[in-house]
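Okay, thanks for coming, everyone. Let me put the model up and then walk you through it piece by piece.

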Amino acid sequence: TRVFMNGRELHPLDVAALQRFTPVQPGRYWLDALGNCGYEGSPVPVVNLVQLARAARASSGGAYHSRSDITGIGSGGDGSTSYVMGKDWSVIVGP
């Protein structure tokens, strides 16, 4: 995919899941526990994936869940709480 997140090349299904709510360009990115994402080598975040997922959920009108059976990375929400999770990390945003 030529899309690297925290040093790991993303699987095509992960890229497809991200493309549901944001354009994805090949490159090297970092992602922190709050969902902030930026270009490798720069400490400045350019987008927050949790906020994008929350906005996508709001526009879809309800609960959602997506998970890659290959990488195990998933995201979801129930209308008030959203989450993004991986093998050794998770981000939960909500009341």
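So, starting at the N terminus, the elements of the protein chain run β-β-α-β-β-β-α-β-β-β-β. That makes two helices and nine strands. Keep in mind as we go that this is a predicted model.

A few overall numbers. The chain has 95 residues, and 32% of them are buried. The accessible surface comes to about 5,800 Å², with 57% of that belonging to carbon and sulfur atoms. And if you take the contacts with a separation of 6 or more, 31% of them are between residues 24 or more positions apart.

Now the sheet. There's an open sheet of five strands, and the order across it is β2-β1-β3-β4-β5, with mixed pairing. Which strands sit at the edges? Those are β2, residues 8-9, and β5, and each of them pairs on one side only. As a reminder, strands of a sheet pair through backbone hydrogen bonds, either parallel or antiparallel.

Let's go into that sheet through β1, residues 3-5, where you'll find Phe4. Is Phe4 buried or exposed? Neither, really: its relative accessibility is 22%, so Phe4 counts as partly exposed. The cut-off for buried is under 20%. Beyond its neighbours up to four places away in sequence, Phe4 touches Glu9, Gly27, Arg28 and Tyr29. There's also Pro26, which is 22 residues from Phe4 along the chain, yet their C-alpha atoms are separated by 7.7 Å.

Next over from β1 in the order is β3. Strand β3 covers residues 27-31, and its pairing with β4 is antiparallel, over three bridges. If you want a spot to click on, Leu31 stands opposite Cys37 in β4.

Then we get to β4 and β5. Strand β4 is residues 36-39, strand β5 is residues 45-48, and the two pair in the antiparallel sense, again over three bridges. They form a hairpin with five residues between them, and in the turn Gly41 has a positive phi of about 95°.

The residue I'd like you to look at here is Asn36, in β4. Its relative accessibility is 19%, and because the cut-off is under 20%, Asn36 counts as buried. What stands opposite Asn36 in β5? Another asparagine, Asn48. The side chains of Asn36 and Asn48 are joined by a polar contact of 2.9 Å. Leaving aside neighbours within four places in sequence, Asn36 is also in contact with residues including Trp30, Leu31, Pro45 and Val47.

On to the pockets. Rolling a probe the size of a water molecule over the atoms shows where empty space is left. The second largest pocket has a volume of about 220 Å³. It's lined by 14 residues, and the closest to its centre are Thr22, Pro23, Tyr29, Cys37 and Val47. As for the elements, β1, β4 and β5 each give two or more residues to that lining.

Last stop is further along the chain, at strand β7, residues 74-77. In a regular strand the side chains alternate between the two faces of the sheet. In β7, Gly74 and Gly76 point one way, Ser75 and Gly77 point the other way, and all are buried. Strand β7 pairs with β8, residues 82-85, in the antiparallel sense over four bridges. Within that pair, Gly74 stands opposite Met85.

That's my tour, so let's open it up for discussion.

Note on methods. Residues numbered from 1 in each chain as written. Predicted model: local features only at pLDDT ≥ 70, side-chain atom pairs only at ≥ 80, totals over all residues. Heavy atoms only, no water. Pairing = 2+ DSSP bridges. Buried < 20%, exposed > 50% of the residue type's maximum accessible area, 1.4 Å probe, protein only. Contact = heavy atoms within 4.5 Å. Areas by Shrake-Rupley, 256 points an atom, 1.4 Å probe, with all protein chains shown as cover. Polar contact = N/O pair within 3.5 Å; in protein donor to acceptor, adjacent residues only side chain to side chain. 1 Å grid on protein atoms, 1.4 Å probe; cavity = no way out; pocket = protein on both sides within 12 Å on 5 of 7 lines; lining within 4 Å. Points joined across faces, edges and corners; volume = space filled by probe spheres on them.
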